[in-house]
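Here are some notes to read alongside the model, set out as numbered points. They begin with charge pairing and then turn to the fold, the core and the pocket.

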Amino acid sequence: MPLFMDVHEFADGVAIDDVAKAHLQTQPGHDVNDVNYLRYWVDETAGRVFCLVEAPSADAAAEVHRQAHGLVADQIYQVQEGS
């Protein structure tokens, strides 16, 4: 399954507690199958959130965000994991 890193940008910063709540909403229960959000990283001061997701496509990954909480990523990149 392809891996994607999505990036969300918030001009006024972002709190990690808010990101944790939003991340929980991306868990199973939405109409998009085969999408699995794995981890996320937060830069509170810069207002950036990075999410690692397994999905059949970038569109499928974006659709889960759209359905879960409406906070669609500003960018989505297909990535490969290295060691």
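How many salt bridges does the structure hold?

1. The structure, which is a predicted model, holds one salt bridge. The partners are Arg66 and Glu63, whose closest N and O atoms are 2.5 Å apart. In general terms, side chains of opposite charge can pair when their charged atoms come close.

2. The placement of this pair can be followed along the sequence, because Arg66 and Glu63 are three residues apart in helix 2 and are therefore separated by about one helical turn. Neither partner is buried: Arg66 is partly exposed, with a relative accessible area of 43%, and Glu63 is likewise partly exposed, at 25%.

3. As to the overall fold, the protein chain contains two helices and four strands, and these follow the pattern β-α-β-β-α-β when read along the sequence. Of the contacts in the chain with a separation of 6 or more, 70% are accounted for by residues 24 or more positions apart.

4. Buried residues make up 31% of the 83 residues in the protein chain. The largest nonpolar core has twelve residues, among them Phe4, Val14, Val19, Tyr37, Val49, Cys51 and Val64. Strand 3 and helix 2 (58-68) are the elements that give two or more residues to this core, and helix 2 is also the helix in which Arg66 and Glu63 lie.

5. The largest pocket deserves a separate look, with a volume of about 160 Å³ and a lining of 13 residues, of which Phe10, Val19, Ala22, Val49 and Leu71 lie nearest its centre. Two or more lining residues come from each of helix 1 (16-24) and strand 3 (48-54), and helix 1 gives the most, with four residues. By class, the lining of this pocket has eight nonpolar, four polar and one charged residues.

6. Which residues is Val49 in contact with, leaving aside its neighbours within four places in sequence? They are Asp6, Val7, His8, Phe10, Val14, Val19 and Trp41. Val49 belongs to the largest nonpolar core, as do Val14 and Val19 from this list, while Val49, Val19 and Phe10 are among the residues that lie nearest the centre of the largest pocket. A reader who wishes to follow the core and the pocket together could therefore begin at Val49, because Val49 is named both in that core and among those lining residues.

Key:
Residues numbered from 1 in each chain as written. Predicted model: local features only at pLDDT ≥ 70, side-chain atom pairs only at ≥ 80, totals over all residues. Heavy atoms only, no water. 1 Å grid on protein atoms, 1.4 Å probe; cavity = no way out; pocket = protein on both sides within 12 Å on 5 of 7 lines; lining within 4 Å. Points joined across faces, edges and corners; volume = space filled by probe spheres on them. Nonpolar A, V, L, I, M, F, W, Y, C, P; charged D, E, K, R; others polar. Core = buried A, V, L, I, M, F, W, Y, C linked by side-chain atoms within 4.5 Å. Buried < 20%, exposed > 50% of the residue type's maximum accessible area, 1.4 Å probe, protein only. Contact = heavy atoms within 4.5 Å. Salt bridge = Lys/Arg side-chain N within 4 Å of Asp/Glu carboxyl O.
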